[in-house]
Amino acid sequence: VVIPWRRRDFEPEKKRIIVADSVSGKIINNVKVVSVSREAGELIFEPVSGAGNYFVYYFPYKSEGKSNYPKGIYLEPVNNASPEWLNKIANEIIPDAVCRRIEAVDEFNSFYPMEVIATKKETDEIIKQAGAKQFILFPEDREYPIKMDSDLPLRWIERSPINEFKGSASRGENYTYQIGIFALKDLKDVKVDFSPLKSKSGSSIPVKNITCFNMGGINYEAKPFTKKLNIEKGKIQALWIGVKVPVNINPGVYSGFVKVTAGSGGISVPVIINVGRNILTDGGISEPWKQTRLNWINSTLAQKNDVIAPYTPISVNGNSFSLLGRKLILGQNGLPARIESYMAEEMTAYTSKPKDILSAPFKLTAENSGGIIKWGKSSFKVTVKEPGTVKWESKTSSTELTMQVAGSLEFDGFGFYEIKITALKDVELTDIRLEIPFSGNSAKYIMGLGEKGSARPDNIDWKWDVVNKNQDGAWIGDVNAGLQFTLRDEHYVRPLNTNFYLQKPLLLPVSWGNNGNGGIKINEQGNTVLVNNYSGPRKMKKGETLCYNFTLLITPFHTINTDFQWENRFFHSYKPIDTVKAAGATIVNIHHATAINPYINYPFIAYKEMKAYIDEAHSKGLKVKIYNTVRELSNRAYELYPLRSLGTEIFSAGKGGGFEWLQEHLADNYIAAWFVPALKDAAIINSGMSRWHNYYVEGMNWLVNNVGIDGIYLDDVAFDRITMKRIKRVLTQNGHPGIIDLHSANQYNKRDGFINSAMLYMEHFPYLNRLWFGEYFDYENNSPDFFLTEVSGIPFGLMGEMLQNGGNPWRGMVYGMTNRMPWSDNADPRPIWKAWDDFGIKGSSMIGYWVESNPVETDNKNVIATVYKKNSKAMVAVASWAGENVNVKLNIHWQKLGINRAKAVIK
């Protein structure tokens with residue numbers, strides 16, 4: 001038999017071929033592989049059951065690796081044929097069998113039609129017909145996404161030459177189509193231009209309504225950008241083109257052209273779109289398999305930086321900026337001179353008396369062999385005053401350098417500094433450093449720079465190591481006053497996280513890193529904790545500029561909402577609503593790999609079933625949140641191939657591999673991610689910051705308005721605070737609750753670059769409702785300081801829950817935490833929920849063990865107590881970190897409790 005399989009995989013001769021009898025199912029050993037190429041395979045086999053059907057399998061594999069991170073290994077060829085049979089067929093005339101069909105297990109696994117390759121002869125004929133052209137264009141319908149970049153599909157050979165594109169659209173539709181480019185030479189800087197699409201009646205679809213997604217668009221920061229497109233000789237590039245058909249246009253046939261230019265060659269393709277009478281009010285996004293949602297990647301939805309509750313507009317008074325619970329006061333040089341927190345020690349209220357985070361102003365110091373370079377007088381001006389953002393500029397000069405400061409502060413406490421140091425002449429410097437003098441009263445704890453959440457050591461000496469460590473700053477603070485800082489330059493790119501840091505690590509900042517000369521030293525000087533961010537010796541040429549950028553987050557972001565913690569009880573499993581309600585939960589988290597949310601980070605396929613479930617939950621007083629984040633994306637996404645056509649913009653470059661579907665249909669240049677065996681759901685890693693975030697925001701908006709979700713459960717986060725703010729806006733629109741909780745596995749390990757999860761995700765904390773830190777967090781062998789800083793969320797205005805091994809319920813309760821049912825063994829918070837309800841914890845005042853005036857203390861420093869106080873009663877949570885069993889005495893300050901000791905009852 002000769003099988004014209006036309007395979008897209010390379011080196012098929014290295015894969016085993018299995019022949020089986022269709023009657024018995026038995027594998028036939030007497031098989032001789034005569035020849036194997038990508039175009040066809042020729043076999044001789046023994047038909048053990050006589051005439052009939054036989055099956056030939058040519059992608060047999062075994063799966064290795066972990067169940068959720070499999071590695072498909074294709075079996076190597078073997079020769080099990082007997083020598084006697086081989087000798088026999090050598091002297092016989094062998095009858096021919098007929099290849100009747102080439103099948104796949106289902107349509108999703110099929111290669112037909114866009115992954116069935118043209119033969120070399122067919123391709124050569126196409127090239128010959130092209131003559132001197134540099135490239136050939138193949139118009140293609142959106143129904144057949146271009147999937148291969150190294151082979152022409154047979155579909156393009158079998159159909160007669162098509163030199164125009166014809167399609168049909170509805171009025172108001174986000175219509176899409178493709179132009180395939182087959183490069184006959186290396187193509188540099190490909191351009192795509194459009195004409196208007198006009199009808200005979202004079203109606204027109206203007207050029208502004210037409211875009212090529214591959215050539216650029218609007219990035220996740222709402223900034224227009226263009227892409228330079230180069231195509232190697234012999235490669236195929238899909239151009240995805242979007243046409244926004246106006247709603248009010250007249251039906252009819254609209255004609256124009258798309259022109260593709262590369263070098264001196266240009267080819268125009270006539271475009272003819274028949275616009276029908278039907279009107280689509282939603283742009284057609286209810287039929288995403290038609291690629292009607294592709295325009296979402298250029299969305300600017302929710303980009304306006306308006307204030308999000310519970311935050312308040314920034315109040316500007318000269319160089320003093322007040323925001324919710326905090327104040328930033330700038331010096332004339334534009335750097336922070338004073339930072340104040342107005343959070344009470346309990347973290348449940350605001351106070352009128354501020355707590356200073358700094359003991360003195362920030363100082364940016366330049367030094368040469370003669371000593372510290374003296375800066376001259378600074379200019380300072382506020383350039384933007386908006387409710388959500390304040391911006392300012394300052395310029396300072398010396399005889400050798402100028403320092404230009406551009407700073408901004410947002411309503412949640414995020415600050416960004418861009419500092420440009422420019423040499424006025426050739427200079428040789430011993431250092432440029434940023435000194436942050438923390439007040440000792442507000443520098444009790446630290447996270448980052450290789451330090452797990454703990455009491456701050458007296459001295460820290462840290463050096464850059466971006467190859468191995470996702471570390472570029474720290475958080476230093478107390479429960480009710482703190483500051484996170486991170487050091488960056490103009491080349492900063494967010495690295496990959498959650499198992500993949502080493503594949504796309506931080507870029508060493510040219511300024512701060514200074515080829516390994518930079519670092520951070522922290523030491524105590526009286527009541528000051530001085531953070532010295534130094535860059536070390538260097539030479540600067542006249543006119544050279546270095547960007548010493550950094551970010552700040554002033555913590556806490558707001559007070560903790562204890563009543564929200566007591567009232568909202570999570571059920572982390574897809575179960576019938578009545579089951580959830582009977583358990584006492586109020587919110588259901590729907591993970592992926594469930595009937596209503598089957599595919600990872602693509603909750604748009606079973607949306608009707610999801611809506612029915614949510615409608616029932618709402619009717620019975622429950623809320624429903626879904627798993628949906630950005631980090632990896634299911635291979636079931638309708639837009640998978642259009643997104644792949646954007647190169648590595650949306651999906652990260654990688655070595656491929658993983659589940660066999662990925663190897664067979666994506667071939668290469670991807671990173672295999674999470675896999676669900678039961679659904680064969682194979683995800684690949686997103687590239688980081690990209691236009692996919694625009695799609696993500698639009699998708700969440702659609703789910704709120706069309707499905708009714710009450711929020712999202714984030715399983716780690718691969719986007720920045722810009723996208724998080726947009727998500728919070730769309731989730732809370734029109735009175736929707738917009739509940740967001742974040743789960744993270746402990747990322748303080750080699751594959752994650754030894755980054756503290758709270759440090760990594762702190763920029764998102766202002767918009768979360770609850771933390772869930774998570775797998776691999778050790779609740780048994782870490783200190784109360786670790787619990788407080790890295791797990792509880794309290795120093796940031798949040799409260800949390802535990803996961804690993806069900807958590808430690810006693811230790812958890814001194815931070816107001818339980819675990820989440822029914823996720824793991826020992827994960828049943830119902831007894832604690834009952835204790836809350838029996839006591840009436842709602843409305844109580846939480847007074848943590850960290851509060852100096854806590855009314856209940858123990859006489860053992862390793863046993864701590866938190867009080868939940870009401871008018872006539874109090875609940876005390878006690879937990880031990882002692883290394884052995886201990887007896888403790890409770891020292892109860894009855895007057896502070898407001899309870900008459902003589903009448904008190906203790907249970």
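Val876 lies in strand S55, which spans residues 874-880. The model is predicted. Its chain contains 16 helices and 56 strands, and 56% of its 907 residues count as buried.

**Surface patch**
- Val876, Val878 and Leu890 make a nonpolar surface patch of about 190 Å².
- Val876 has a relative accessible area of 33% and is therefore partly exposed.
- That value also passes the patch cut-off, because patches are made of residues with over 30% relative accessible area.

**Cysteines**
- How many disulfides does the structure hold? The structure holds 0 disulfides, so no pair of cysteine sulfur atoms lies within 2.5 Å.
- Cys99 has a relative accessibility of 28% and so counts as partly exposed.
- Cys212 counts as buried, because its relative accessibility is 5%; the limit for buried is under 20%.

**Overall dimensions**
- A compact globule of 907 residues would have a radius of gyration near 29 Å. The chain has 32 Å, which agrees.
- Along the principal axes, the C-alpha atoms of the chain fill a box of roughly 105 × 70 × 60 Å.

**Contacts and surface**
- Among contacts in the chain with a separation of 6 or more, 70% come from residues 24 or more positions apart.
- The exposed area of the chain is about 38,700 Å², and carbon and sulfur atoms supply 49% of that area.

How values were computed
Residues numbered from 1 in each chain as written. Predicted model: local features only at pLDDT ≥ 70, side-chain atom pairs only at ≥ 80, totals over all residues. Heavy atoms only, no water. Patch = residues over 30% accessible without salt bridge, like charges linked within 9 Å, V, L, I, M, F, W, Y side chains within 5 Å. Areas by Shrake-Rupley, 256 points an atom, 1.4 Å probe, with all protein chains shown as cover. Salt bridge = Lys/Arg side-chain N within 4 Å of Asp/Glu carboxyl O. Helix = DSSP H or I, 4+ residues; strand = E, 2+ residues; numbered from the N terminus. Buried < 20%, exposed > 50% of the residue type's maximum accessible area, 1.4 Å probe, protein only. Rg over C-alpha atoms; globule rule 2.2 N^0.38 Å. Contact = heavy atoms within 4.5 Å.
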